[in-house]
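User: Hi! I am new to reading protein structures. Could you go through this one with me, step by step?

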Amino acid sequence: MQHLLFTHTGTNVEFLLALPAIQAARRHFDGTQIWLAAPDRACELAHLADCADTTLALGPALSTIAQPSVFKSLRAIAALREQTFDAVVSLTGAFLEHASAMLLRARRRLVLQAGNARPRRHFTDAAAELVARLGVPKTAPVPHLRLPPAVRATEQQKLARLGWRDDRLTIALHPTVGFAPQVWPSEQFPPLAVRLAAEYDAQLLVIETEEETGLTERQRAAWKQHRLAPLFLRRPSLALLAVALAQASVIVGSNRLPVHLAAAVQTPGVVIMDGTSDSGWLAPRHRHSRLLYAQPSRPATVDDVFGLVCQVMAASRTAALFTSDD
């Protein structure tokens, strides 16, 4: 196989969950040129993971506030039509993505089908089954992102300029808006942070992505009211966010990009999931993470989340002790 194309027009979470399949294909097809047509963040992640030779960015990822750029998508199709691919693998169950793939010259076309059965199989497993049809023998159950030492050092310097200290335990928090308050309102994070800071004497890292633009500023009074001075990471690059999460002992947030990126750099999380729908098929799979399914009739409390954070911290410390003994 000489040229293999992966396409993706879904969410950032879906791409991270499909990443193990791309990484497995990279290992299996040594010498194959791997192409990726995907949203900006996915291309950025592919560069970090070193799993694609050529990337074509399609604009913002599908989210509550954005969708891929039609202009960039048409420009990518024009560029891809100049190449003949041994296989085109569509990682999103979107009609337009499939229709666009049909315009390309390819010997094989594979389309991810998540299925409608309940509960749905995990997205990573569906992507693994897809590349297995190309002969890829084994796909890891979780993404794994190894950050080059030079990248880690550069981004740690940026964190230090924000006030981050490498001699203190770090707990990451990802308050969200839009859909997420139905799961756990952002107003719950300051009182949770008070308890975590007191229990672990931890420095707090508050993450704001593009979907929460302005949230940290709007919450400034709440943090001040609770006498907290967290470090704010506002719309960071994926490299900076990955390095920051790799330094954290745990992250608390809903089922969005930061908790999945944390799992990829081996940081566990407490993930507040939407208990009103079949959301488990997009859940992170870190072995020490805890999933908390919240519903309007059974909302998650600060006590619930705090208790799970304590469990995660205890499990991580126990695992570290066993590792040091080995």
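User: Which helix gives the most residues to the lining of the second largest pocket?

Analyst: Happy to help, and please keep in mind that this is a predicted model. The second largest pocket holds about 500 Å³ of space, and 24 residues line it. Helices α3 (70–80) and α4 (95–101) each supply at least two of these lining residues. With six residues, the one that gives the most is α3.

User: How many residues of that pocket's lining are charged?

Analyst: Let's sort the lining of the second largest pocket by type. There are 14 nonpolar residues and nine polar ones. That leaves the charged group, and its count is one.

User: Is strand β1 mostly covered or mostly open?

Analyst: Take one side of the strand and then the other. H3, L5 and T7 on one side are buried, and so are L4 and F6 on the other. Side chains in a regular strand alternate between the two faces of the sheet. In β1 (residues 3–7), five of the five residues are buried, which makes the strand mostly covered.

User: In which sense do β1 and β2 pair, and what is the handedness of the crossover from β1 to β2?

Analyst: Strand β1 pairs with β2 (residues 33–38) over five bridges, in the parallel sense. T7 of β1 stands opposite A37 in β2. Between the two strands the chain passes through helix α1 (residues 12–28), and this β-α-β crossover is right-handed.

User: Which residue of β5 stands opposite L4?

Analyst: Strand β5 (residues 87–90) runs parallel to β1, and four bridges join them. Opposite L4, β5 places A87.

Notes. Residues are numbered from 1 along each chain as its sequence is written. This is a predicted model: local features need pLDDT of at least 70, side-chain atom pairs count only at pLDDT 80 or more; totals for chains, interfaces and linings use all residues. Side-chain values use heavy atoms; hydrogens and water are left out. Buried means under 20% relative accessible area, exposed over 50%, partly exposed in between (1.4 Å probe, protein chains only). Two strands pair if DSSP finds at least two bridges between them. A crossover is right-handed if, with the strands pointing away from the viewer, the path from the first strand over the helix to the second runs clockwise. On a 1 Å grid over the protein atoms alone, a cavity is a set of points where a 1.4 Å probe fits but cannot get out, and a pocket is an open set with protein on both sides within 12 Å along at least five of seven lines; lining residues have an atom within 4 Å of a point. Grid points are joined across faces, edges and corners, and a volume is the space filled by probe spheres set on the points. Ala, Val, Leu, Ile, Met, Phe, Trp, Tyr, Cys and Pro count as nonpolar, Asp, Glu, Lys and Arg as charged, and the others, Gly among them, as polar.
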